[in-house]
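Me: Please take a close look at the charged side chains of the protein shown here. I should like one connected account of how they are paired and placed, set against the chain as a whole.

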Amino acid sequence: MKLTHRYDCYLELNEYLSHEYHCELTKELDDLAGFDKKMIDEYEYGHYILVTEADMKQRLLYIRIPGGTVGNIFLDKTENIITKITIDTDYVVDSYPENVQEYVQKYIGEKIEIGD
């Protein structure tokens, strides 16, 4: 799963917020939560993955929206392969479908690749 910078069209923001990424998973979570395109495009709302050097060492990435962490991505010890994904359906986003955990399981086994 390729991660791309959250603010691709704003290079100055990418430098300041360089640890925030979008990917197929974050887009799917936006859809599942019912976030509309205007909210995402105009107000920079929506899911993103926080990836710092320390997170990569811990093998744990954070799925966030502005205001809180809604889930985690666990990685294997050597290859950046996703081993587990959890979504907290009782915190911040109350519009996920009941089976949101099932939707995200398809990403287990994928390799995290950080794009430019």
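Reply: E53 and K57 are both exposed in this predicted model. Their side chains meet in a salt bridge, with an N to O distance of 3.7 Å. The two residues are separated by about one helical turn, because they lie 4 residues apart in helix α4.

The count of salt bridges comes to 2, and the other pair has a different setting. Here the side chains of E28 and K106 meet, at 3.2 Å from N to O. This pair links distant parts of the chain, its members being 78 residues apart. E28 belongs to helix α2, residues 24-33, while K106 sits in the loop between α5 (100-104) and β7 (113-114). The relative accessible area of E28 is 14%, and E28 therefore counts as buried, whereas E53 and K57 are exposed.

A further charged residue, R59, is found in the loop between α4 (53-58) and β4 (60-65). R59 is buried, yet it has no salt bridge. The nearest side chain of opposite charge is that of D76, 4.0 Å away. The side chain of R59 does, however, form a polar contact with the side chain of N80, at 2.5 Å. When neighbours within four places in sequence are left aside, the residues in contact with R59 are I73, F74, L75, D76, K77, T78, E79 and N80. Both the polar partner N80 and the acidic residue D76 thus appear in that list.

The chain as a whole provides the context for these sites. It has 5 helices and 7 strands, and from the N terminus on its elements follow the order β-α-β-α-α-β-α-β-β-β-α-β. Of its 116 residues, 45% count as buried; E28 and R59 are among the buried residues. The accessible surface comes to about 6,800 Å², and carbon and sulfur atoms account for 49% of this area. Among contacts between residues at least 6 apart in sequence, 42% join residues at least 24 apart. The salt bridge between E28 and K106 likewise joins residues far apart in sequence, with their positions 78 residues apart in the numbering.

In summary, one salt bridge lies within helix α4 and involves E53 and K57, another connects helix α2 with the loop between α5 and β7, and R59 is buried without a salt bridge but has a polar contact with N80.

Technical notes. Residues are numbered from 1 along each chain as its sequence is written. This is a predicted model: local features need pLDDT of at least 70, side-chain atom pairs count only at pLDDT 80 or more; totals for chains, interfaces and linings use all residues. Side-chain values use heavy atoms; hydrogens and water are left out. Buried means under 20% relative accessible area, exposed over 50%, partly exposed in between (1.4 Å probe, protein chains only). Lys and Arg count as positive and Asp and Glu as negative; His and the chain ends are not counted. A polar contact is a pair of N or O atoms within 3.5 Å; within protein, one must be able to donate a hydrogen and the other to accept it, and residues adjacent in sequence count only if both atoms are side-chain atoms. Contact means heavy atoms within 4.5 Å. Accessible areas come from the Shrake-Rupley method with a 1.4 Å probe; for residues, only the protein chains shown count as cover.
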